[in-house]
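Let's walk through this one together, beginning with the protein–DNA contacts and then turning to how the protein copies are arranged.

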There are 2 protein chains.
Amino acid sequence: MTEPEAAARLSALAHEARLKIFRALVAAGPEGLPAGRLAEAVEVAPSNLSAHLAVLAHAGLTRVRPEGRHRIWSVDLEAVAGLVGFLVDDCCQGRPEVCAPLTAIRPSC
Amino acid sequence: MTEPEAAARLSALAHEARLKIFRALVAAGPEGLPAGRLAEAVEVAPSNLSAHLAVLAHAGLTRVRPEGRHRIWSVDLEAVAGLVGFLVDDCCQGRPEVCAPLTAIRPSC
DNA sequence: CTTTCATTTCAATGTTTCTTGAAATATTGG
DNA sequence: CCAATATTTCAAGAAACATTGAAATGAAAG
């Protein structure tokens, strides 16, 4: 992960509507959601949503697959892991106790 | 963590210079770094750096303490952990295998 | 093959965010 | 107290980003 890549991913997430979209996709899991249902869920105009989804995809955080006349969006959790790893790189140089807060990062599973 | 808070933290990180600053502070550990040395490290004009540090601090990602005529900046790793936890909330509703990528998040320690 | 539905593209506008340099503040050392 | 150092504040212009509505694309059902 390079600095510009990481910044692009953070920029993509750094927007309230896109954050909502992203979290809805996380909750939807690998099956993902079609754009239309996302538009309802986050209450964003379709054209606006489309732009937001393009930003997320361009940053490498989401994937799309066509399905009938829909397009189904889902998140790339490995991209998220890569981003977070980059953020806290070198967090504890020989002092594990320093990054103890980060061991709580693991999600509810 | 609320959505606006999370978005503010992501916005704060979503800038190449601020990302450099942040990572330099992560690497510096709890001791932190004075603004002056950060300015050299990331090659940003002092006034500009000051604005960036204010953004990070306002988002709750960094802390400052005065030390002589310096001001020493450091990161708040718990804030980072909170942000990441928020991002991947509900990632695996009963299907632990779904969020396997996230178990690699843990840093080098 | 025509209509309908889902989504994207485009162009214009408005809003936020960055950057810069100069001036202000605050702290120490002489 | 005065000078020097470290950092922040301020105001202005420049740049990037978000939003809107209308029009275009593309896929599928009748």
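Arg69(B) puts a polar side-chain atom 2.9 Å from a base oxygen of DNA strand C. Keep in mind that this is a predicted model, so treat that distance as a computed value. The Arg69 of the other chain goes for the backbone instead: an N or O atom in the side chain of Arg69(A) sits 2.8 Å from a sugar or linking oxygen of DNA strand C. Ser50(A) does something along those lines too, with a polar side-chain atom 3.0 Å from a sugar or linking oxygen of the strand.

Now zoom out a little. There are 17 residues around DNA strand C, and the ones that come nearest are Gly36(A), Ser47(A), Arg69(A), Arg18(B) and Arg69(B). On the DNA side, sugar and phosphate make up 70% of the strand C atoms that come within 4 Å of the protein. Sorted by class, the protein surface near the strand has nine polar, four charged and four nonpolar residues.

Where does that surface come from? In chain A, α3 (35-42), α4 (46-58) and β3 (70-75) each supply at least two residues, and α4 (46-58) of chain B does likewise.

That leaves the two protein chains themselves. Rotate chain A by 180° with 0.0 Å of shift along the axis and it superposes on chain B with an RMSD of 0.0 Å. This is the relation of a two-fold axis. The same surface serves both copies, with 98% of the contact residues of chain A recurring in chain B. If you want a landmark for the axis, look for Leu10(A): its C-alpha, at 2.9 Å, comes closest among the residues of chain A.

Technical notes. Residues numbered from 1 in each chain as written. Chains lettered and ligands numbered in written order. Predicted model: local features only at pLDDT ≥ 70, side-chain atom pairs only at ≥ 80, totals over all residues. Heavy atoms only, no water. Near = heavy atom within 4 Å. Polar contact = N/O pair within 3.5 Å; in protein donor to acceptor, adjacent residues only side chain to side chain. Helix = DSSP H or I, 4+ residues; strand = E, 2+ residues; numbered from the N terminus. Nonpolar A, V, L, I, M, F, W, Y, C, P; charged D, E, K, R; others polar. Least-squares fit on C-alpha atoms with pLDDT ≥ 70 in both. Contact = heavy atoms within 4.5 Å.
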